[in-house]
Amino acid sequence: TYDPVTALWTTVTLDPNHENFNESTPPEVAIDSNGNAVATWNKAYQSGNDFIEEIASAYYTNGSGWGPIVILDTAINQDFLGTYVVMDSFGTATAV
């Protein structure tokens, strides 16, 4: 992650909850006028005989960094088509 305030890169923490993580989609990212951002992506993994797909999200606060990963929705043996995210100038994000 790049921090424009410090002009430094920081490490990215992968989701440790799923060791059998199979795939993910590229993230969709939206940024507000204050430099805050939100990212959403789909991730998939095998759990027993089930194929689990989740829509995940994380919020970046300018000056503080990325918050925890939040699961927005989960599908079992179904596919999500992808996610899209927008953010207004006040930092309110909407993901579909």
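**Figure 1. Asn36 and its neighbours.** Leaving aside residues within four places in sequence, Asn36 is in contact with Ala30, Ile31, Tyr59, Tyr60, Thr61, Asn62 and Met87. This is a predicted model, and the view starts from one residue and what it touches. Asn36 belongs to the loop between β4 and β5. Is this loop residue buried or exposed? Asn36 is buried, with a relative accessible area of 12%. One of its neighbours deserves a second look: a polar atom of the Asn36 side chain lies 2.8 Å from the backbone nitrogen of Asn62.

**Figure 2. The whole chain, before we zoom in again.** Welcome to the wider picture. The protein has 10 strands and 0 helices, and from the N terminus on its elements run β-β-β-β-β-β-β-β-β-β. Of the 96 residues in the protein, 31% are buried. The accessible surface comes to about 6,400 Å², and carbon and sulfur atoms account for 56% of that surface. Among contacts between residues at least 6 apart in sequence, 42% join residues at least 24 apart.

**Figure 3. How confident the prediction is.** Please keep this view in mind while reading the others. The average pLDDT of the protein is 78, and 74% of the residues score at least 70. Where is confidence lowest, and where is it highest? It is lowest in strand β1 (residues 2-3), with a mean of 58, and highest in strand β4 (residues 28-31), at 90.

**Figure 4. The hairpin of β4 and β5.** Here we stay with β4 and follow the chain into β5. The two strands pair in the antiparallel sense over 4 bridges. Two of the residue pairs are easy to pick out: Val29 has Ala39 in β5 as its bridge partner, and Glu28 has Thr40 in β5 as its partner. Between the strands of this hairpin there are 5 residues. Gly35 takes a positive phi near 90 degrees in this hairpin. Asn36, the residue shown in Figure 1, also lies in the loop between β4 and β5.

**Figure 5. β5 beside β6.** Now the view moves along to the next hairpin. How many bridges join β5 to β6? There are 11, and the two strands run antiparallel. Across this pairing, Tyr45 stands opposite Ile52 in β6. The hairpin of β5 and β6 has 2 residues between the strands, and Gly48 takes a positive phi near 65 degrees there. Strand β5 is mostly covered, with 9 of its 11 residues buried.

**Figure 6. The salt bridge between Glu54 and Lys43.** Side chains of opposite charge can pair when their charged atoms come close. The structure holds 1 salt bridge. Glu54 forms it with Lys43, and their closest N and O atoms are 3.6 Å apart. Because Glu54 lies in strand β6 (residues 50-61) and Lys43 in strand β5 (residues 37-47), the pair ties together parts that are 11 residues apart in sequence. Are these two partners buried or exposed? Glu54 counts as buried at 6% relative accessibility, and Lys43 is buried too, with a relative accessible area of 2%. Lys43 is not the end of the story for Glu54: a polar contact of 3.0 Å joins the side chains of Glu54 and Tyr45. Tyr45 is familiar from Figure 5, where it stands opposite Ile52 in β6.

**Figure 7. Gly91 in a loop further along the chain.** Our last stop is the loop between β9 (85-87) and β10 (93-95), where Gly91 has its place. Gly91 counts as buried, at 13% relative accessibility. Which residues does Gly91 touch, not counting those up to four places away in sequence? They are Asp32 and Tyr59. Gly91 and Tyr59 are 32 residues apart along the chain, and 9.8 Å separates their C-alpha atoms. Tyr59 brings us back to the opening view, as it is also among the residues in contact with Asn36.

Methods: Residues are numbered from 1 along each chain as its sequence is written. This is a predicted model: local features need pLDDT of at least 70, side-chain atom pairs count only at pLDDT 80 or more; totals for chains, interfaces and linings use all residues. Side-chain values use heavy atoms; hydrogens and water are left out. A salt bridge is a side-chain nitrogen of Lys or Arg within 4 Å of a carboxyl oxygen of Asp or Glu. Buried means under 20% relative accessible area, exposed over 50%, partly exposed in between (1.4 Å probe, protein chains only). Contact means heavy atoms within 4.5 Å. Accessible areas come from the Shrake-Rupley method with a 1.4 Å probe; for residues, only the protein chains shown count as cover. pLDDT is the predictor's confidence in each residue, from 0 to 100. Two strands pair if DSSP finds at least two bridges between them. A polar contact is a pair of N or O atoms within 3.5 Å; within protein, one must be able to donate a hydrogen and the other to accept it, and residues adjacent in sequence count only if both atoms are side-chain atoms.
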